[in-house]
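Here are some short exercises to work through with the model open beside you. Try each task before you read its solution.

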Amino acid sequence: QAGASGEGLTVASLAIDGPAGKSGQVEAGDVLVSIDDVDVRGKSAEGLAQFILGPPGSKVVLGFVRNAPPARYVQLTRGWTMKKSSSLSSQWSNPLPPNHALVPGSLAPQ
């Protein structure tokens, strides 16, 4: 799960079986500041999901700040994918496992 902060998307929790959890390099409290060298501070979780998630086996480089700059870069191999909803072409299906979600900061655990 992730929550929005003014500076970036804060990791609220990790799926143990997900790529970030398995990597051992991402922790709750890390702040996502870039995806594949693109600054993503100030973007919503929903808006970023399509860039974080992708075809299983593809790579993504995420930049995180923990406690203070500079950013650390973590290359992950994607394990989950997003699919366009068949009912609405502008909507994406939920790619996350049961009991996981990308949520706005106001709903993220404190």
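**Exercise 1. Count the salt bridges, then trace how those around Asp30 connect.**

Step 1. Start with the rule: a salt bridge is a side-chain nitrogen of Lys or Arg within 4 Å of a carboxyl oxygen of Asp or Glu. By that rule the count comes to four salt bridges. As a reminder, side chains of opposite charge can pair when their charged atoms come close.

Before going on, note that this is a predicted model, where local features need pLDDT of at least 70 and side-chain atom pairs count only at pLDDT 80 or more, while totals for chains, interfaces and linings use all residues. Residues are numbered from 1 along each chain as its sequence is written, and side-chain values use heavy atoms, with hydrogens and water left out.

Step 2. Look at Glu27 and Arg66, which form a salt bridge with their closest N and O atoms 3.5 Å apart. Glu27 lies in the loop between α1 (19-23) and β3, and Arg66 in strand β5 (residues 59-66), so the pair ties together parts that are 39 residues apart in sequence. Helices (H or I, at least four residues) and strands (E, at least two) are DSSP runs, numbered from the N terminus.

Step 3. Move to Asp30, which also forms a salt bridge with Arg66, the closest N and O atoms being 2.6 Å apart. This pair links distant parts of the chain, 36 residues apart, with Asp30 in the loop between α1 and β3 and Arg66 in strand β5.

Step 4. Asp30 meets Arg72 in a salt bridge as well (2.9 Å, N to O). Here the loop between α1 and β3 is linked to strand β6 (residues 68-77), and the two residues are 42 apart.

Step 5. Put the pairs together: salt bridges that share partners join Glu27, Asp30, Arg66 and Arg72 into one network.

**Exercise 2. Which members of this network are buried, and which are partly exposed?**

Step 1. Fix the cut-offs: buried means under 20% relative accessible area, exposed over 50%, and partly exposed in between (1.4 Å probe, protein chains only).

Step 2. Asp30, at 1% relative accessibility, counts as buried.

Step 3. Glu27 counts as partly exposed at 39%. Arg66 is partly exposed at 27%, and Arg72 is partly exposed with 27%.

**Exercise 3. Find the buried residues of helix α2, then see what covers them.**

Step 1. In α2 (residues 45-52), the buried residues are Ala45, Leu48 and Ala49.

Step 2. Seen down the axis of α2, these residues fall within an arc of 120°, so they line one face of the helix. The arc is that of the directions from the helix axis to the C-beta atoms.

Step 3. Their cover includes β2 (9-11) and β3 (31-35).

Step 4. Now pick out Leu48. Leaving aside neighbours within four places in sequence, Leu48 is in contact (heavy atoms within 4.5 Å) with Leu9, Leu32, Ile35, Val40 and Lys43.

**Exercise 4. Which element gives the most to the largest nonpolar core?**

Step 1. A nonpolar core is a set of buried Ala, Val, Leu, Ile, Met, Phe, Trp, Tyr and Cys residues joined through side-chain atoms within 4.5 Å.

Step 2. Of the 14 residues in the largest core, Val26, Leu32, Ile35, Leu48, Leu62, Phe64 and Leu76 touch the most other members.

Step 3. The elements giving two or more residues are β2, β3, α2, β5 and β6. Strand β5 gives the most, with three residues.
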